[in-house]
Amino acid sequence: MINKVGSPSEPDAAHKAKWGGFNDRPEGLREVTPAEIAKGHWLGQHVQFMEYRQMKHQSTANGWPLQEIMLYFLDDNTGYGLSYDYWNETVQWWLFGCEHEWGGELTAEERSHLTTSTHHPYKCKKCGHFHYTDSSD
Ligand SMILES: [Zn+2]
């Protein structure tokens, strides 16, 4: 697997089409509490891409002032972000992307990955993301 973390490369066209540009808020962006972060599914996920943005502010009509945020894109159609306010000495945590709802129906191809009773499938009803865990590990 190629690790893109730390890559100086720019987001490609497909990334921009899905997640927006430098001043955009990524789809599904929502501020979360530290407690929600602590229970996050993302702790075991691989960061696929990091992106710094100056995005439109969520609470003003014209989007100004811009908010700085560092976005961490995960391989399951989600991600998390971190922003801060230097002068007010505050930090904000964010999640974005799909709020997965597990229990989607598996395709034959997806079922073919489940070769032992220790493989447990997860498929999102909303976005179709599929992965499985192996409880024998
Ligand atoms: Zn999903």
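Two strands are said to pair if DSSP finds at least two bridges between them, and strands themselves are DSSP runs (E, at least two residues), just as helices are runs of H or I with at least four residues, numbered from the N terminus. With these terms in hand, the main sheet is easy to follow: five strands form an open sheet in the order β1-β5-β4-β3-β2, with antiparallel pairing. Because β1 (30-32) and β2 each have a single partner strand, they stand at the edges, and one side of each is left without a neighbour in the sheet. On average, neighbouring strands of this sheet are turned by 30° against each other, direction ignored; here axes are lines fitted to C-alpha atoms, for helices over the stretch in contact, and angles run from 0 to 180 degrees between N-to-C directions.

A word on the model helps before going further. The structure is a predicted model, in which local features need pLDDT of at least 70 and side-chain atom pairs count only at pLDDT 80 or more, while totals for chains, interfaces and linings use all residues. Residues are numbered from 1 along each chain as its sequence is written.

Seen as a whole, the chain has three helices and seven strands, arranged along the sequence as α-β-α-β-β-β-β-α-β-β. Its C-alpha atoms fill a box of roughly 55 × 35 × 30 Å, taken along the principal axes. The domain assignment gives domain 1 (13-97) and domain 2 (101-137), with bounds that come from an automatic or database domain assignment. The C-alpha centres of domain 1 and domain 2 lie 27 Å apart.

Within the five-stranded sheet, β3 and β4 run antiparallel and are joined by four bridges. F73 stands opposite G79 in β4. F73 also belongs to the largest nonpolar core, whose eight residues are M55, I69, L71, F73, Y80, W94, L95 and F96. Such a core is a set of buried Ala, Val, Leu, Ile, Met, Phe, Trp, Tyr and Cys residues joined through C-beta atoms within 7 Å. The elements that give two or more residues to this core are β3 (67-74) and β5 (90-97). Leaving aside neighbours within four places in sequence, the core residue L95 is in contact (C-beta atoms, placed from the backbone, within 7 Å) with R30, V32, T78 and Y80.

Burial is judged by counting other C-beta atoms within 10 Å of a residue's own, all placed from the backbone: 20 or more for buried, 12 or fewer for exposed, and partly exposed in between. Buried residues make up 13% of the 137 residues in the chain.

The loops hold several backbone features worth a look. In the loop between β2 (47-55) and β3 lies P65, joined to W64 by a cis peptide bond with omega of about 5°. The loop between β3 and β4 (78-85) contains N77, which has a positive phi of about 75° although it is not a glycine. N77 is partly exposed, with 18 other C-beta atoms within 10 Å. E89, in the loop between β4 and β5, likewise is not a glycine but has a positive phi, of about 55°. E89 is exposed, with 7 other C-beta atoms within 10 Å.

Further along the chain, five bridges join β6 (residues 119-123) to β7 (residues 130-134), and these strands run antiparallel. P121 has Y132 in β7 as its bridge partner. The hairpin of β6 and β7 has six residues between the strands, and G128 takes a positive phi near 85° there.

Methods: Contact = placed C-beta atoms within 7 Å.
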